[in-house]
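This briefing sets out selected features of the structure shown below. The points are grouped by topic for use at the bench.

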Amino acid sequence: MVAPLLPLSVRDAEVWRGPTRILGPVSLDLGETGITIVLGPNGGGKTTLLRTLHGLERMRRGSLKWSCSREEALKRQAFVFQQPVIMRRSVVESIAYPLLLDRVPKRDALARAAEIAGNVGLAKHLELPAQVLSGGEKQKMALARALIRRPDLLFLDEPCASLDGESTHEIEEILQRAKADGTRIVMSTHSVGQARRMADQILFIHQGQILEAGPADAFLAGPQTLEARAHINGDLLS
Amino acid sequence: MNDILAGLEHALRLVVGFDPTLYEITLRSLSVTLTATLIASLIGLPLGAWLSVNRFRARRFIIATLNALMGLPPVVVGLIVFVIFSRSGPLGIFGLLFTTKVMIIAQVILITPIIASVAHQAIRELWAEYHDLLISLNATRFQRIKALLWDSRRALLTASLTGFGRAVGEVGAIMIVGGNIDHSTRVLTTAIALETGKGNFALALALGFVLIALALGVNYALHFLSRTERSSRW
Ligand SMILES: Nc1ncnc2c1ncn2[C@@H]1O[C@H](COP(=O)(O)OP(=O)(O)OP(=O)(O)O)[C@@H](O)[C@H]1O
Ligand SMILES: [Mg+2]
């Protein structure tokens, strides 16, 4: 039995770009189960927050404590970027790549990649160069690549932003399945509808500050801050 | 114009007649330059990748130096290598002067900066794209360099071919260190220089056409080989 990586405890974390503080100070605790949705307007700091948790941003102040060592924690998480990173490889090779890094034999890695590609609806595109996929297909490929190592913790930065309704539904089902298998999910979105469907907990972030954090039901039923209320109403109107 | 036609005709006659001297120096040109390109690529490509991936204080300095070294005058390189390998020089004991080995060394010095520079340029762009993903996936430094080298292999082939192109047509350095000795260190470029000096323009031109054909042939061959490996877009 390996040590769990969660809960995660963040205290007074700040990220700066030169003279500008783009995130924080934020404090939050990430529990062991469920789906946490990071909700907020464009430029609110969702991407920065997720990247900071994943260790991709240097914090100028504050602390970030996993329940296991940092190295161990980073090994057991995966990240789906808002702009998917497309390798100069075929779809199936791109998805298999994380397993190749783990020295899984190439045949096994490719077989596993083909299976996961099937789950996200890319079965027909396995041998295509990844660069020719459509925007939505690239997102699905990035999700498959993130899932292939069976991470304990999965970050997704607006994974459905460029997907149509049907694809969004497929992705949400895959994520629900991953959650049922014990994967902890932290996902950003600006879609209140998606938050409603998926969230167990919600972090509402605005101008680099976490304005609200708590169970999804309570938040969606009655947001406490003006900004959150405006965001929810605005989203419903549009 | 007549000279050029005469040169072409002469070249044809030499090639069709399997002129032994021509084949000898052509093969020597090819083996010296291909060996030099191979060695320079083995040094220059990973160096280019390493410079793209690592941030350290001397990095900019090394890159600036590489760029400056790209324009090294071959004669000066030849001279320096000559002095180093001459009997009284620091590496004189190896007795390499006036051998093809020292010609290879001179060419490696000439083209490694070019190969490293061109490779660095291509890999840096790819690294900007891959950075977050490779960090996120916990790829080791070695794995990162490997992925970047593999995924930019087309650009790297171009880097190597650029080096090959410069080396195969180079005359100043190998003339000095190799000495243009018949049946020993004479290659196409030094033979051209010699024949031109003697006033044998037709023969010189003929050799020149063979040299051009050689350069084209190697480029075609490598591009063809790299294309058949996979039919997709890269
Ligand atoms: N170099 C910089 N200097 C100043 N501000 C910056 C810099 N880089 C980013 N920012 C700002 O940081 C803020 C947070 O950006 P972030 O990408 O985290 O927002 P987001 O919530 O993910 O937005 P979106 O919904 O559009 O993806 C933005 O307002 C952005 O303009
Ligand atoms: Mg964002």
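Arg17(A), Arg51(A), Glu57(A) and Asp132(B) are joined in a network of salt bridges. The model is a predicted one, and the count of salt bridges over all chains comes to 20. The points below take up the salt bridges, the shell around ligand 1, a nonpolar surface patch and the make-up of chain B.

**Salt bridges within chain A**

- Within the network, the side chains of Arg17(A) and Glu57(A) meet in a salt bridge, with a distance of 3.1 Å from N to O.
- Arg17(A) belongs to strand β1 (residues 8-17) of chain A, whereas Glu57(A) sits in the loop between α1 and β4 (61-65) of chain A, so this pair ties together parts that are 40 residues apart in sequence.
- The two partners differ in their exposure class: Arg17(A) is partly exposed, with a relative accessible area of 43%, and Glu57(A) is buried, at 13%.
- Because the limit for a buried residue is under 20% relative accessible area, Glu57(A) at 13% falls in that class.
- A further salt bridge pairs the side chains of Arg21(A) and Glu14(A), at 3.8 Å from N to O.
- Here Arg21(A) is partly exposed, with a relative accessible area of 38%, while Glu14(A) counts as buried at 7% relative accessibility.
- As a general point, side chains of opposite charge can pair when their charged atoms come close.

**A salt bridge within one helix of chain B**

- In chain B, the side chains of Arg28(B) and Glu24(B) form a salt bridge with an N to O distance of 2.6 Å.
- Both residues lie in helix α2 (residues 20-53) of chain B, where Arg28(B) and Glu24(B) are four residues apart, about one turn of the helix.
- In this pair the arginine, Arg28(B), is buried, with a relative accessible area of 12%.
- Its partner Glu24(B) counts as partly exposed, at 25% relative accessibility.

**The shell around ligand 1**

- The number of residues that surround ligand 1 is 13, and the closest are Gly43(A), Gly45(A), Lys46(A), Thr47(A) and Thr48(A).
- By residue type, the shell around ligand 1 divides into two nonpolar, eight polar and three charged residues.
- A polar side-chain atom of Thr48(A) lies 2.5 Å from an oxygen atom of ligand 1.
- The backbone also takes part in contacts with oxygen atoms of the ligand: a backbone N or O atom of Gly43(A) is 2.8 Å from an oxygen atom of ligand 1, and a polar backbone atom of Gly44(A) is 3.2 Å from an oxygen atom of ligand 1.
- Ligand 1 exposes 650 Å² when taken alone, and the protein buries 60% of that area.
- Two or more residues of the shell around ligand 1 come from each of β2 (20-30) and α1 (46-53) of chain A.
- Of the elements, α1(A) gives the most to this shell, with three residues.

**A nonpolar surface patch on chain B**

- Leu12(B), Val15(B), Val16(B), Phe18(B) and Tyr23(B) make a nonpolar surface patch of about 510 Å².
- Helix α1 (residues 2-16) of chain B gives the most to the nonpolar patch, with three residues.
- Phe18(B) is placed in the loop between α1 and α2 of chain B.
- At 61% relative accessibility, Phe18(B) counts as exposed.

**Make-up of chain B**

- The secondary structure of chain B comes to ten helices and zero strands.
- Read along the sequence, the pattern of chain B is α-α-α-α-α-α-α-α-α-α.
- The C-alpha trace of chain B spans about 65 × 50 × 30 Å along its principal axes.
- Of the 234 residues in chain B, buried residues make up 44%.
- Which residue is 4.3 Å from Ala202(B) in space, C-alpha to C-alpha, yet 195 residues apart in sequence? The residue is Gly7(B).
- Ala202(B) itself lies in helix α10 (residues 201-228) of chain B and is partly exposed, with a relative accessible area of 27%.

Key: Residues numbered from 1 in each chain as written. Chains lettered and ligands numbered in written order. Predicted model: local features only at pLDDT ≥ 70, side-chain atom pairs only at ≥ 80, totals over all residues. Heavy atoms only, no water. Near = heavy atom within 4 Å. Polar contact = N/O pair within 3.5 Å; in protein donor to acceptor, adjacent residues only side chain to side chain. Areas by Shrake-Rupley, 256 points an atom, 1.4 Å probe, with all protein chains shown as cover. Nonpolar A, V, L, I, M, F, W, Y, C, P; charged D, E, K, R; others polar. Salt bridge = Lys/Arg side-chain N within 4 Å of Asp/Glu carboxyl O. Buried < 20%, exposed > 50% of the residue type's maximum accessible area, 1.4 Å probe, protein only. Patch = residues over 30% accessible without salt bridge, like charges linked within 9 Å, V, L, I, M, F, W, Y side chains within 5 Å.
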